[in-house]
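User: I am new to this structure and would like to go through it step by step, with the reasoning spelled out. Could you start with the term that the discussion of the interior depends on?

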Amino acid sequence: YRSGDVIYKIASNTLLSKLDAVYHSAICFCHQSPIYYPPLRSVCSRWLVLATYSSPNPLVIELDVSCPSSLGHLEFVVLESEPNLPFCFLDNDWFCSKVVVTTPEGDTVNFPCYHWISGNERLVFREATGHWSIYAEGLPQIMKVDSASDLPAEHRALGDILALLAPFSNELHHLSHVEVKHLFYRGRLVSLKLESHSTNMKQWKSLDELSHVFNRHKTDVYAYVEKNWKEDTFFGYQLLNGLNPMMIHRCSKLPENFPVTEDMVKASLFGKNLEAEIQKGNIFLVDYKRLHGVTANVIHGKQHFLAAPLCLLYMTPEDKLIPIAIQLKQEPGDDNPIFLPTDSEYDWLLAKIFVRNADFVEHELNFHLLRTHLLAEVFAVSTLRNLPMVHPLYKLLISHFRYTLQINTLARQTLISENGVITKNASVGGPGMMEFLKKAVASLTYSSLCIPEDIIARGLESIPNFFYKEDGLKLWDIKVIGHYYTCDSDVQKDSELQNWIKDIFFNGFLSFSSVTELVKFLTMLIFTVSVQHAAVSNGQFDFGGWMPNFPISLQQPLPTTKGQCTESTMLKTFPDINTTVNGMAVLYLLSTQSSDYVALGNGYQDHFSEKTPLELIHKNQDELKIYNFEIQGRNVSLPLSYTYLNPNNVENSVAL
């Protein structure tokens with residue numbers, strides 16, 4: 001070593017192909033990619049190893065490498081193997097499980113390899129992929145990456161993005177990444193023929209004008225929503241089978257801050273007693289208390305408004321769920337009336353519109369962004385950091401993280417960044433977004449992510465026509481992992497598994513030590529990133545494309561008295577044309593199925609080769625086909641089909 005050199009300590013876990021083997025190998029590690037551009041600085045070392053062993057335990061090669069100065073953050077390790085004269089006649093294949101580098105600063109950097117290396121072969125391995133980064137205090141941590149283009153190629157999808165940008169191909173060669181992101185969004189405006197309206201800040205003159213502007217790509221569900229959005233029965237239906245079936249729960253006792261009286265709801269209960277109907281289990285509640293005190297956004301220089309409503313619902317003898325009372329603020333008072341179906345048409349309709357806007361917030365930020373996208377990223381990053389490719393959990397899970405890191409990175413850049421579409425156009429944008437998300441994180445529980453427990457906790461086991469529950473419970477299952485973990489000690493002794501869950505626990509919320517707990521957690525994980533994401537994502541354009549049913553923002557104050565609302569009041573309360581168009585384009589974008597879509601239950605075959613796991617995978621796929629036919633058969637008799645959890649419509653990962 002030269003005076004002043006710093007030392008890198010390297011340990012390589014290795015298996016040789018012969019009991020006696022000689023090989024001459026090289027290691028190079030660098031802080032930039034040696035594939036796409038030359039490394040600015042790197043360190044190389046060659047060594048001759050003569051090994052003789054008679055046990056299956058791996059050989060650990062240890063050596064020190066000197067360098068004039070520290071390389072900083074290490075990104076890659078390059079391994080080479082070549083015959084060493086005069087022993088070139090020997091078989092020098094070797095299996096490297098990992099390379100561990102201790103830097104001069106004392107940090108340990110792991111490079112998982114798990115690969116046979118033959119003579120004259122050169123392989124590049126990335127560091128145990130992914131570093132955690134704090135996006136915002138109080139939120140789950142994210143992968144440390146500046147842009148989607150910085151992600152490893154295997155975590156990026158380019159085909160659909162390039163197709164989307166095709167109308168602007170002449171502009172691409174001189175654009176920055178930020179400008180390309182804006183084109184990505186503009187592509188949806190062009191597809192919907194809405195680009196000319198994206199700068200129009202006027203108010204809507206009528207619902208007919210709104211319908212005329214949005215006349216492309218309407219689905220059957222969209223048309224149904226546009227026709228029925230004012231109906232009380234459809235309002236109730238959406239709380240079970242719409243975009244957000246996660247808020248409603250059975251009411252066992254009226255909240256003290258929601259003083260609904262017998263006389264208020266007598267007409268809605270067809271003369272029946274409110275307390276008696278509560279005891280029978282026919283009364284339900286939706287409480288948007290997390291929105292209480294959240295700062296509403298200022299859009300185009302104008303203050304917008306957020307409600308934190310409570311809504312009481314009744315399941316009629318005909319099994320129709322209908323709203324019977326709405327209070328728009330959490331604290332009762334003279335300026336916070338309880339609106340009823342017996343009020344004037346627009347008093348009642350406007351109250352429901354404020355509830356639907358509150359549901360937009362809960363849906364998009366809590367149940368969609370936080371509980372599927374952000375949790376999926378925690379699961380994905382921990383998997384890439386801690387599990388080698390040969391680990392059964394890696395093989396089970398990796399297909400469920402397809403494109404997740406890319407879509408989350410793009411979402412942070414284009415939707416919820418300082419100038420993102422949601423930040424700029426939603427009532428909960430601006431400072432209110434993080435205020436609300438922190439409340440949502442504080443209310444997140446493990447049991448609420450497990451549909452069997454969540455349904456019981458909300459008292460919804462026997463509620464009729466709850467298709468999200470019926471279909472979701474069918475898809476809550478996993479059979480493959482039991483083949484690898486036969487007893488609790490298998491779980492406890494698997495150090496890689498334990499590191500994986502500790503990483504999730506530190507950046508998420510849980511730990512476990514038994515096979516039962518492991519299977520439950522993996523079931524929740526796969527359900528969350530596939531089934532649950534489909535439930536809250538696939539229908540966004542169907543139910544939200546018609547803005548009055550799912551308004552992104554509202555720009556008139558909450559009504560404080562009754563008898564004042566008219567159609568004009570409603571139209572003035574809706575977001576302006578510009579904001580409406582931006583919101584619709586986002587929902588259309590997030591509902592678009594990718595051209596290389598992978599349905600639930602697929603993607604495993606590329607990673608498993610053992611007989612038993614493959615048999616279990618095929619059995620699971622056969623069950624999914626049966627569920628598919630059962631759901632299709634049920635939907636035939638429904639006025640509005642519930643298709644979002646049809647296995648063919650459930651994407652295997654959070655890919656969009």
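Analyst: A nonpolar core is a set of buried Ala, Val, Leu, Ile, Met, Phe, Trp, Tyr and Cys residues joined through side-chain atoms within 4.5 Å. Buried here means under 20% relative accessible area. The model discussed below is a predicted one.

User: How many helices and strands are there in the chain, and what percentage of its residues count as buried?

Analyst: The chain holds 21 helices and 17 strands. Among contacts between residues at least 6 apart in sequence, 73% join residues at least 24 apart. Of the 656 residues of the chain, the portion that counts as buried is 56%.

User: Which residues of the largest nonpolar core touch the most other members?

Analyst: The largest nonpolar core has 144 residues, and its largest share, 23 residues, comes from helix 8. Apart from this core lies another one of 17 residues, with Val265, Ile278, Leu312 and Ile322 among them. In the core of 144 residues, the members that touch the most others are Trp500 and Phe521.

User: Which residues does Trp500 touch, not counting those up to four places away in sequence?

Analyst: Leaving out residues up to four places away in sequence, the contacts of Trp500 include Phe379, Ser382, Thr383, Asn386 and Leu387. Its remaining partners under that condition are Leu393, Leu397, Phe512, Phe521, Leu522 and Leu525.

User: What is the volume of the largest cavity, and which element gives the largest share of its lining?

Analyst: A search of the whole structure finds five cavities of 30 Å³ or more, and the largest cavity has a volume of about 270 Å³. This cavity is lined by 21 residues, of which His368, Leu369, Ala411, Leu415 and Leu590 lie nearest its centre. Helix 8, helix 10 (404-414) and helix 20 (577-591) each supply at least two residues of the lining. The largest share, six residues, comes from helix 8.

User: Is helix 10 enclosed by the rest of the structure or open, and how many of its residues are buried?

Analyst: The buried residues of helix 10 include Thr404, Gln406, Asn408, Arg412 and Thr414, and they also include Leu405, Ile407, Leu410 and Ala411. Helix 10 is largely enclosed by the rest of the structure, because the number of its eleven residues that are buried is eleven.

User: Which strands stand at the edges of the open sheet of five strands?

Analyst: The strands of this open sheet follow the order 11-12-15-16-17, with antiparallel pairing. Each edge strand has a single partner strand, so one side of each is left without a neighbour in the sheet. The strands in that position are strand 11 (249-250) and strand 17.

User: How many bridges join strand 15 to strand 16, and how many join strand 16 to strand 17?

Analyst: Strand 16 (residues 321-327) is mostly covered, with seven of its seven residues buried. On the side of strand 15 (residues 310-315), Cys311 has Ile326 as its bridge partner, and Met315 stands opposite Leu321. Toward strand 17, Gln327 stands opposite Ile338. Both pairs run antiparallel, and the bridges number six between strand 15 and strand 16 and two between strand 16 and strand 17.

User: Which residue takes a positive phi in the hairpin of strand 15 and strand 16?

Analyst: Most residues other than glycine have a negative phi. The hairpin of strand 15 and strand 16 has five residues between the strands. The one with a positive phi near 60° is Asp319.

User: Is Phe270 buried or exposed, and what is its relative accessible area?

Analyst: Phe270 is found in the loop between helix 6 (262-265) and helix 7 (274-280), and its phi is positive, at about 55°, although Phe270 is not a glycine. A residue counts as exposed over 50% relative accessible area. Phe270 is therefore exposed, its value being 56%.

User: With which side chain does the side chain of Asp343 make a polar contact?

Analyst: Asp343 has its place in the loop between strand 17 (338-339) and helix 8 (345-386). With a relative accessible area of 19%, Asp343 is buried. Not counting residues up to four places away in sequence, Asp343 touches Ile338 and Lys562. The polar contact, at 3.0 Å, is with the side chain of Lys562.

Terms used: Residues are numbered from 1 along each chain as its sequence is written. This is a predicted model: local features need pLDDT of at least 70, side-chain atom pairs count only at pLDDT 80 or more; totals for chains, interfaces and linings use all residues. Side-chain values use heavy atoms; hydrogens and water are left out. Helices (H or I, at least four residues) and strands (E, at least two) are DSSP runs, numbered from the N terminus. Buried means under 20% relative accessible area, exposed over 50%, partly exposed in between (1.4 Å probe, protein chains only). A polar contact is a pair of N or O atoms within 3.5 Å; within protein, one must be able to donate a hydrogen and the other to accept it, and residues adjacent in sequence count only if both atoms are side-chain atoms. Contact means heavy atoms within 4.5 Å. Two strands pair if DSSP finds at least two bridges between them. On a 1 Å grid over the protein atoms alone, a cavity is a set of points where a 1.4 Å probe fits but cannot get out, and a pocket is an open set with protein on both sides within 12 Å along at least five of seven lines; lining residues have an atom within 4 Å of a point. Grid points are joined across faces, edges and corners, and a volume is the space filled by probe spheres set on the points.
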